[in-house]
Amino acid sequence: MAGLRKDFLWGGAVAANQLEGGFQDGGKGLSVADVMAAGANGVEREITDGIVAGKNYPNHEAIDFYHRYKDDVKLFADLGLNCFRTSIAWTRIFPNGDETEPNEAGLQFYDDLFDELHKYGIEPVITLSHFEMPYHLVKTYGGWRSRKLIDFYVRYATTVFKRFKGKVHYWMTFNEINNQTGLNKFALFTNSGILVRPDEDAAEVMYQAGHYEVVASALAVQIGHEIDPTNQIGCMVAMGPTYPATTDPKDALKAMREMQRNYWFADVQVKGKYPSWLVQYQKDHFNLDITLEDLDVLKEGTVDYIGFSYYASHVVKASENEPVSYVDPLHTKGVANDKLERSDWGWEIDPIGLRVALNWFAERYDKPMFIVENGLGAIDTPDAAGHVHDPYRIDYLKKHIEQMKLAVEVDGVDLMGYTPWGFIDLVSAGTGQMDKRYGMIYVDKNDAGEGSLERSKKDSFYWYRNVIKTNGEEL
Ligand code: BG6
């Protein structure tokens, strides 16, 4: 068997808002992440109207990467990474989002960070928008409800493509753009800066915002290629294969529809057009602003690769009163999978699901893939000497990498790389916790915000270092 590519991208993934901190340094503006207070395991994060005194906003300081990045990058080099996935905080470049001129201090920060990475042979992999759009765009324009956002995003993307030409070759346009298809509050806010009003239909708002986003993404892809034809620009979707709960054909139809409903964003970004079921569904239910010119833009701006996150699979059962379209997520009944174990946060652990996902994407799109997030959120308890032994994390990653290799070596899928999520402990997006840890590098800070912020290597650090060194041969 051939094994993984010789130039396989072994890395680690983070997002600016979850690790940088320095939320007002260097002229940075407020982002949506800055108005999300901490939640807890099973407790939603509160989205506040601006910053409210006395609330705990964990992203404001995060792990202070903004001031410590040089030491951190040294640690990443020690881990042996050949790539590092992070995002550019849009609000460092355009603090409000609608300025005509960028903020030089923000651009300089990323110039310095990328130089530091290259010093150690680490390739930056950059997400343009990772749950951190400018809050001003939410307050002033209603977030991605407004077509104007396309221009603001394109200006931002053009600015960073030009500035970092030659320093960044791998890009993704929007992180987990498809989270919002479930219509939940957190996802609509983090993806699109939208809090649905009582007089609005959440689905209509999402399909409209999603349309503007795919147009913005397609324009960014075109511009990114014009500025530097060697740029590789991907989409980024959250992938969790959906299995039918029973052999009832209705459950099979429901599971299939769930996959279609969850991945239409990727359909549009990869194939350059809406899938037929969705064209029909939108026509039957909504009155959306989708122009013929937009449809041409989509055709011309297809992505080079499929970036995706993988944490868990899902099981669905058709409900008694399923609409004839089988589309409405409010009629989607998730069912526990009795064959799988769960993390402490209830995420089902399904390594084989990763192989399923890779095969599903390969068949549907026939494009290179990049696993840009995967990992286990867990509580780590340092021993008396302050060291974290995390065999559970090693076990999780090992089993997923095994399946990833089977997909490559046995099924022949085209895989560019693997960047486990939160390889340095950071703020959880979903709960705002620090104690929900994914890292191979421990950061001394807890949910209450206490700790020295000192970094130390967990057992998984040494394990992953050897995985990288042997190009995945020794797990
Ligand atoms: C993905 C996001 O949803 O999963 C990350 O792209 C996020 O931003 C990660 O942190 C893990 O989720 P959580 O809620 O455990 O932080």
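**View 1. Val125, a buried residue of strand S3.** With 27 other C-beta atoms within 10 Å, Val125 is buried. This close-up comes from a predicted model, as do the others below. Val125 sits in strand S3, which covers residues 123-127. Setting aside neighbours within four places in sequence, Val125 is in contact with Gly11, Cys83, Phe84, Arg85, Tyr170 and Thr419. If you would like to look further afield, try Lys436: Val125 and Lys436 are 311 residues apart in sequence, and their C-alpha atoms are 24 Å apart in space.

**View 2. Glu373, listed by UniProt under "active site".** The listing of Glu373 comes from an unreviewed UniProt entry. Here you can find Glu373 in strand S12, residues 369-373. Is Glu373 buried or exposed? Glu373 counts as buried because it has 25 C-beta neighbours inside 10 Å, and 20 or more are enough for that label. Not counting residues up to four places away in sequence, Glu373 touches Ala13, Ser309, Thr419 and Trp421. Thr419 may look familiar from the previous view, where it is among the contacts of Val125.

**View 3. Helices H8 and H11, packed against each other.** Two packed helices are described by the angle between their axes and the distance between the axes. For helix H8 (residues 202-227) and helix H11 (residues 292-300), the angle is about 50° and the axes are 8 Å apart. H8 and H11 are therefore oblique to each other. The crossing in which H8 passes H11 is left-handed. On the H8 side, Val214, Val215, Ala218, Leu219 and Gln222 make the contact, and on the H11 side Asp294, Val297, Leu298 and Glu300 do so. By type, the residues of this contact of H8 with H11 comprise six nonpolar, one polar and two charged.

**View 4. Asp64, a non-glycine residue with a positive phi.** Asp64 is not a glycine, yet its phi is positive, at about 60°. Look for Asp64 in the loop between helix H1 (16-19) and helix H2 (65-79). Asp64 is partly exposed, with 16 other C-beta atoms within 10 Å.

**View 5. Leu453, a non-glycine residue with a positive phi of about 70°**. Where is Leu453 found? Leu453 belongs to the loop between strand S14 (441-443) and strand S15 (455-457). Leu453 is partly exposed, because 15 other C-beta atoms lie within 10 Å, a count between the limits of 12 or fewer for exposed and 20 or more for buried.

Key:
Residues numbered from 1 in each chain as written. Predicted model: local features only at pLDDT ≥ 70, side-chain atom pairs only at ≥ 80, totals over all residues. UniProt positions renumbered as here; feature names shortened; annotations may be inferred. Helix = DSSP H or I, 4+ residues; strand = E, 2+ residues; numbered from the N terminus. Contact = placed C-beta atoms within 7 Å. Axes fitted to C-alpha atoms, helices over the stretch in contact; angles between N-to-C directions. Parallel < 35°, antiparallel > 145°, perpendicular 65-115°, else oblique. Left-handed = near helix turned anticlockwise from the far one by under 90°. Nonpolar A, V, L, I, M, F, W, Y, C, P; charged D, E, K, R; others polar.
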